[in-house]
Amino acid sequence: MPPYRTLKAWQHAQRLAVECVKAARSFPDYEQEGLASQMRRACYSVPLNIAEGSAKNGSREYRRFLDTARGSLAEVETMLEMARDLGYIEPALYGRLEALATETSKTLYGLLRKIGDAALRQPRH
């Protein structure tokens, strides 16, 4: 098993991506190339960047990928609110996705802090 799969942040992000993609399927046809497409790309980006960063050499580079994942997660959270406000997802589904996004955010932030502390101890070239 690749080491990133043991990371809680990756596990939550992976689950969030799967659930958001399922939710995006129910968006209106006219949104499939708009909001739904953008949400899918942002959702995919979170676990993919966590995985890619974990395979890089050095914590500074890892942190850069985690920062990208965090930015994509903020996009996802914003798009979920838009989808709720536009009536594309039901309030109950929004609540579940928001809770999963919050848990992803917390674990990703914890991983960023851990990697950031290691990056500070790493000598610069």
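What follows is a chat between two colleagues about helix packing and salt bridges in a predicted model.

Colleague: Let's start with α1 and α2. What makes α1 roughly antiparallel to α2?

Modeller: The axes of α1, residues 8–24, and α2, residues 35–54, cross at roughly 165 degrees and come within 9 Å. Angles over 145 degrees count as roughly antiparallel, so α1 gets that label relative to α2. The crossing of this pair is left-handed.

Colleague: Which residues of α1 and α2 meet?

Modeller: On the α1 side there are Ala 9, Trp 10, Ala 13, Gln 14, Ala 17, Cys 20, Val 21 and Ala 24. Across from them, α2 brings Ala 36, Met 39, Arg 40, Cys 43, Tyr 44, Val 46, Pro 47, Ile 50 and Ala 51.

Colleague: How do the residues of that contact divide into nonpolar, polar and charged?

Modeller: There are 15 nonpolar, 1 polar and 1 charged. Arg counts as charged, and Arg 40 in α2 is one of the contact residues. Gln 14 in α1 is there too, and Gln falls in the polar class.

Colleague: Now the next pair. Why are α2 and α3 called roughly antiparallel?

Modeller: Their packing angle is about 155 degrees, and the axes are 8 Å apart. The cut-off is over 145 degrees, so α2 and α3 are roughly antiparallel to each other. Their crossing is left-handed. The residues in contact here divide into 16 nonpolar, 7 polar and 2 charged.

Colleague: On to charges. How many salt bridges does a search of the whole structure find?

Modeller: It finds 5. Side chains of opposite charge can pair when their charged atoms come close.

Colleague: How do you know that Glu 52 forms a salt bridge with Lys 56?

Modeller: The closest N and O atoms of Glu 52 and Lys 56 are 3.9 Å apart. The limit is within 4 Å, so the pair qualifies as a salt bridge.

Colleague: And what makes Glu 52 count as partly exposed?

Modeller: Buried needs under 20% and exposed needs over 50%. Glu 52 has 39% relative accessibility, so it counts as partly exposed. Its partner Lys 56 is partly exposed as well, with a relative accessible area of 31%.

Colleague: What about α3: where do Glu 61 and Arg 64 lie?

Modeller: Both lie in helix α3, residues 59–85, and they are 3 residues apart, about one turn of the helix. Glu 61 forms a salt bridge with Arg 64, the closest N and O atoms being 3.7 Å apart. Glu 61 counts as partly exposed, given its 30% relative accessibility. Arg 64 is at 48%, and exposed would take over 50%, so Arg 64 still counts as partly exposed.

Colleague: How do you know that the side chains of Asp 67 and Arg 63 meet in a salt bridge?

Modeller: Their N to O distance is 3.9 Å, and the rule asks for within 4 Å, so the pair counts. Asp 67 and Arg 63 both lie in helix α3, 4 residues apart, about one turn of the helix. Asp 67, at 36% relative accessibility, counts as partly exposed, and so does Arg 63, at 31%.

Colleague: One last residue. Where is Leu 7 found, and which residues is Leu 7 in contact with?

Modeller: Leu 7 is found in the segment before α1. Leaving aside its neighbours within four places in sequence, Leu 7 is in contact with Ile 50, Tyr 62 and Leu 111. Ile 50 is also one of the α2 residues that meet α1.

Definitions and conventions. Residues numbered from 1 in each chain as written. Predicted model: local features only at pLDDT ≥ 70, side-chain atom pairs only at ≥ 80, totals over all residues. Heavy atoms only, no water. Axes fitted to C-alpha atoms, helices over the stretch in contact; angles between N-to-C directions. Helix = DSSP H or I, 4+ residues; strand = E, 2+ residues; numbered from the N terminus. Parallel < 35°, antiparallel > 145°, perpendicular 65-115°, else oblique. Left-handed = near helix turned anticlockwise from the far one by under 90°. Contact = heavy atoms within 4.5 Å. Buried < 20%, exposed > 50% of the residue type's maximum accessible area, 1.4 Å probe, protein only.
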